[in-house]
Amino acid sequence: MSSMKPLRLAVVGFGKVGRVCAELISLSHDLSVAAIVRRAASVEGKLPETLRSIPVTTHIGQARDVDAALLCVPTNAVEETAEQILRRGIPIIECAKLQGAALHAHKEAMHKLAIHHKTPAIVGAGWDPGALSVFRSWFALLAPGGITETRHHTGSSLRHTTMALSVTGVKDALCAEVRAVDGRLQRYVYVELQEGTDPEMVAQAIRADPLFLGEDTQVFPVESLAALEQEGRGVVLDRRGSPGRFGHQHLLLEARFDETVLTAQVMLGAARALPQLEPGVSCLLDIPLNLLWGEHAEQAERRWL
Ligand SMILES: NC(=O)c1ccc[n+]([C@@H]2O[C@H](COP(=O)([O-])OP(=O)(O)OC[C@H]3O[C@@H](n4cnc5c(N)ncnc54)[C@H](OP(=O)(O)O)[C@@H]3O)[C@@H](O)[C@H]2O)c1
């Protein structure tokens, strides 16, 4: 393995994406967390055990030897935060969730900033925009003139269940089939309850229904089904080329994933590519894939080419 000095990254904003970025970086050999930059209101917050030795600051200027910053702040705070960091000549990577015209306008604004401060910046380095944009573009390139359909669905096999909905006190319910370790099929029913409803009564009513009778059925009351659905997301990208002289091309990508984790993985890849980039803005479509592998580029090429 190469003995190059690890890239020192500041993680700015310690929410869902920031936390996973910090944890993945600390598990890697070629990257290290220079600092976690938080708002004053959160700076006293406790870090997970594995990250305790990392300095936490309220300002990037207080962190030492920062090679690049991963912006993990809310989309509407990205430009302002980027400005403050680029101004110090520190490259940034962000994954702001913008689409279409808004994303283009944002990329242009960031380009101006990055050029002005003679520093590279990577925008849209997440899942979508990000890796999924690359898949979309490749699908269209391979099957020109066709149509792309994108269907979003919940991850696991979560689906709505009308039976549970008929139980008094249940606002909404999702059901999943889960294989237990010993291979038995179990049903998990997640319920959002009206205030004052007894979860045990609900569980009994669901288990007694003919639909669930004789099955191993577990009932879990949750605060928000929407949040649960968000946790395990899925997407199907379906590209059908136009039928014609060259036959019919059909490309399908089915993905089930945790969006936060995939986004963090992309941000780390982007960080590895940064040292090779010129000042100005790049998005994932601009960056050669090999660069995202950093010091593992040769190995990855041998394996995946
Ligand atoms: N491209 C993709 O596929 C994708 C997927 C997921 C997320 N994202 C993007 O990633 C970013 C972070 O998402 P997330 O899910 O991690 O959000 P989050 O859980 O809400 O975390 C954002 C963090 O930013 C800090 N923060 C909050 N308000 C702020 C403000 N006004 N100014 C500066 N910092 C502020 C907070 O950290 P402290 O308390 O530590 O200050 C907060 O925990 C967003 O821009 C989101 O759009 C992109």
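## Reading the ligand site and the backbone

Biologist: So the space that the ligand takes is the second largest pocket in this predicted model. Which elements give two or more residues to the shell around the ligand?

Modeller: Those are helix H1 (16–27) and helix H8 (259–273).

Biologist: Which residues come nearest to the ligand?

Modeller: Val-17, Arg-38, Ser-42, Val-73 and Thr-75 come nearest, out of the 21 residues around the ligand.

Biologist: And how do the residues of that shell divide by character?

Modeller: You get 9 nonpolar, 6 polar and 6 charged residues in the shell around the ligand.

Biologist: Okay, polar contacts next. Which backbone atoms should I look at?

Modeller: Look for N or O atoms paired within 3.5 Å. Start at Lys-16, where a backbone N or O atom lies 2.9 Å from an oxygen atom of the ligand. Then go to Val-17: a polar backbone atom there is 2.7 Å from an oxygen atom of the ligand. Val-73 joins in too, with a backbone N or O atom 2.8 Å from an oxygen atom of the ligand.

Biologist: How much of the ligand does the protein bury?

Modeller: The general idea is that the size of an interface is often given as the accessible area lost when the parts come together. Here the ligand taken alone exposes 920 Å², and the protein buries 79% of that.

Biologist: Let's zoom out. How is the chain divided into domains?

Modeller: Domain 1 is made of 7–127 + 258–304, and domain 2 covers 159–229. Over C-alpha atoms, the centres of domain 1 and domain 2 are 40 Å apart.

Biologist: Last thing, the backbone. What should I watch for there?

Modeller: As a rule, most residues other than glycine have a negative phi, and most peptide bonds are trans. Now try Asp-65: this residue is not a glycine, yet its phi is positive, about 45 degrees. You'll find Asp-65 in the loop between strand S3 (56–57) and strand S4 (68–71).

Biologist: And which residues does a cis peptide bond join?

Modeller: Asp-128 and Pro-129, with omega at about 5 degrees. Pro-129 sits in the loop between strand S6 (120–122) and helix H4 (131–142).

Notes
Residues numbered from 1 in each chain as written. Predicted model: local features only at pLDDT ≥ 70, side-chain atom pairs only at ≥ 80, totals over all residues. Heavy atoms only, no water. Near = heavy atom within 4 Å. Polar contact = N/O pair within 3.5 Å; in protein donor to acceptor, adjacent residues only side chain to side chain. Areas by Shrake-Rupley, 256 points an atom, 1.4 Å probe, with all protein chains shown as cover. 1 Å grid on protein atoms, 1.4 Å probe; cavity = no way out; pocket = protein on both sides within 12 Å on 5 of 7 lines; lining within 4 Å. Sits in = over half its atoms within 2 Å of the grid points. Helix = DSSP H or I, 4+ residues; strand = E, 2+ residues; numbered from the N terminus. Nonpolar A, V, L, I, M, F, W, Y, C, P; charged D, E, K, R; others polar. Domains from an automatic or database assignment.
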